[in-house]
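Please load the model in your viewer and keep the sequence panel open. The tour below goes from one selection to the next.

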Amino acid sequence: MNNITILWADDEIELLKPHILFLQERGYEVIPVASGTEALDELRDRQVDIVFLDENMPGISGLETLSRIKASHPQLPVIMITKSEEEHIMDEALGSKISDYLIKPVNPNQILLAIKKHTEARRLVTEKQTLDYQQQFRMIGLELDNRLDYNEWIDMYRKLVYWDLELSGSDDENIHDIFASQKAEANRLFCRYFEQNYLDWLAQSDDKPLLSPTVLREKLFPLLQEGRPTFLIVIDNFRYDQWKYLQPAIEQYLRTRDDSIYYSIIPTTTQFARNAMFGGLMPADIEKKYPKYWVNEDQPGFKNQFENELLDENLRRHGFNIKHSYNKVLNAQYGHKLVDSIPQMMNNPLNVIIYNFVDMLSHARTDSDIVRELAADEKAYRSVTLSWFEHSPLAEVFKELGGRDCNVIITTDHGSVRIDHPVRVKGDASVSVNLRYKQGRLLDYNPKEVFEIKDPAKASLPRRHVTSPYIFAHGNDFFAYPNNYNQYVQYYMNTFQHGGISMEEILIPFITLSPR
C-alpha cells in the first residue's frame, strides 16, 4: 500500500472514475469532490497528501480554491488541471505556487507520474542515489588503490564531494557510515601522497600542481589582459563542497566559466596560505624579500595586514601597473556600503574583496554551543553557509555584478576539516597555538603520527629558532597537550579547524564566472 491520500476536485468528477480506479488499484486512496467548496470542507476534516484541482469549476473557481488551500496548507502539493492553454492562466497558477500544471485530457500515467513526483520523489531519488553510490563504491575503491597523481586526486575529491552532496538527503545511516569510511580512507591516502611529494613540488619548477604562490599568476593575470574589470572575491576558509552547495544560488546571477581546484600550501592558515597567494611567493621568500610585510607568529600584530601591499608588489613584478581596489568585509554594514560602490569600482581593472564570514563561523562554532549545534556536521555547516549567503551583502554583490560586463572570481586561501582524533604533543611556551600544526622549540611528538619538516627552509617556511621544526596533523587529527588533556579534547572535538593536511583544507576552489 502507498498510504497516499489524494483529494481530486473536478465538476466532472464522474467522468474521471477510470482514472480513480486506476489509482485505487495501485493502493492510493482517492477522495473525489465536485467543487472547490467541497474540497475546502474535506481539507478541514481530512489529512491529505496531494490535491488535483480543476481550474474551471462553477462557484469557487480553481484559482480561488488554490489561494484558500495555500493560505491554510502552504506546503500541500496542488496540481492544477485545466482545458485552457492561455498563458495568463498558467502564469497566475504558477504565481500562486502550484506544484504542477496539467492540460486536459490527461491520461492515467500522467497522473501517476505527478503523484510520484510530488509525494514520493525524495524517497525514490534517495533510493536511486544509494543504489548508484553502492555501484560506485567499488570503482572508487579501485581508483584509490592506484597511484593517483595530483590531477587525479583533484578528480577524486570532486567525485567524493559529489557523493557527499548527493547522499546528504538520505536517512540511511548505513550508507552514511559507508561513505564516511571511504572518505576517511581517501583522506589517509591523500595525506600520504601529499607528504611524499610536497617538498619535491617546492624544489622543482615542473610537474607540480597549481599552488598558492602561483594561482593568481596562472588564473587571474590572464583575465586582466582581457581589458574588462575583474572582481577577485576571496572567501576565507571556503571549502570546495561549500562552493558546490552555493553554486545554484550564485548562478542565478552569474555563469560559471571555469570550475577549478588548486592546492593550498601548508600550513593551511591565512598567515601562510593567503599571504603566499597575494604575494606570489612562499612565506620564507616574503620574509626575505619584503620583511616589513611579514609578521612572525611570536611577533605582535595581525599576521595578514599587508595583503594589499603584497598583491601590489606581485602585480608590479609581472608587469601590471594598474589601479586596483582592496576591501575587507568584516560586517554587514560595510558589505552593504560596498555594494553601493560597485559602479565606481567598474573603473578599476581589478577589485579585491575579502569576506571573512566562513572563517568567523568556523571559530564561532568552536566557542559557541548554539553555533556548534547549528553546524553540527558537514551537511549542517554547508546549510548554515548557504543561509548566511542568501541574506548577506555578498549575494547583493553577485546580483549587481551579474548585470555588468566584468569577470568575477571566487576563491579562498584554505579550507577546513572537522577534527575528531586527538594526538598528544608537548612543547614549551614558544610553540604555536594552532591545533593542526605546531612550530617551536622542544617539541615532543611521535613522528609516525605527524608530518614533520625538520628543516623549514626545505618547505620555504620562516625559521624562528635553530631547533624549530614544523609538524602537521593528518586527516581529522588535532594536537592536544597532556595538561588538562580530557577537558581540552572535549572542547575541540568535532569542531572545524585548519592548518594541517586533508583534502578539505588543501584542495580548494578557484572559480571564474561571467554575467549571464
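A residue counts as buried under 20% relative accessible area, as exposed over 50%, and as partly exposed in between. The model is predicted.

Select Asp-377 to begin. Asp-377 has a relative accessible area of 31%, so it is partly exposed. Its place is in the loop that runs between α16 (369-374) and α17 (378-390). Now add Ala-380 to the selection: the side chain of Asp-377 comes to 2.9 Å from the backbone nitrogen of Ala-380. Then add Phe-496, which is 119 residues away from Asp-377 along the chain. The C-alpha atoms of Asp-377 and Phe-496 are 9.0 Å apart.

Next, show the second largest pocket. It holds about 490 Å³ of space. Its lining is made up of 19 residues, and those closest to its centre are Asp-164, Phe-179, Ala-180, Glu-378 and Arg-418. Colour the helices α7 (150-167), α8 (173-203) and α17, since each gives at least two residues to this lining. Which of the helices supplies the largest share of the lining? That is α8, with eight residues. Coloured by class, the lining shows 11 charged, four polar and four nonpolar residues.

Finally, turn to the cysteines. Select Cys-191, which is buried because its relative accessible area is 3%. Cys-406 is buried too, with a relative accessibility of 0%. A disulfide would be a covalent bond between the sulfur atoms of two cysteines. The structure holds zero disulfides.

How values were computed
Residues are numbered from 1 along each chain as its sequence is written. This is a predicted model: local features need pLDDT of at least 70, side-chain atom pairs count only at pLDDT 80 or more; totals for chains, interfaces and linings use all residues. Side-chain values use heavy atoms; hydrogens and water are left out. Helices (H or I, at least four residues) and strands (E, at least two) are DSSP runs, numbered from the N terminus. Buried means under 20% relative accessible area, exposed over 50%, partly exposed in between (1.4 Å probe, protein chains only). A polar contact is a pair of N or O atoms within 3.5 Å; within protein, one must be able to donate a hydrogen and the other to accept it, and residues adjacent in sequence count only if both atoms are side-chain atoms. A disulfide is a pair of cysteine sulfur atoms within 2.5 Å. On a 1 Å grid over the protein atoms alone, a cavity is a set of points where a 1.4 Å probe fits but cannot get out, and a pocket is an open set with protein on both sides within 12 Å along at least five of seven lines; lining residues have an atom within 4 Å of a point. Grid points are joined across faces, edges and corners, and a volume is the space filled by probe spheres set on the points. Ala, Val, Leu, Ile, Met, Phe, Trp, Tyr, Cys and Pro count as nonpolar, Asp, Glu, Lys and Arg as charged, and the others, Gly among them, as polar.
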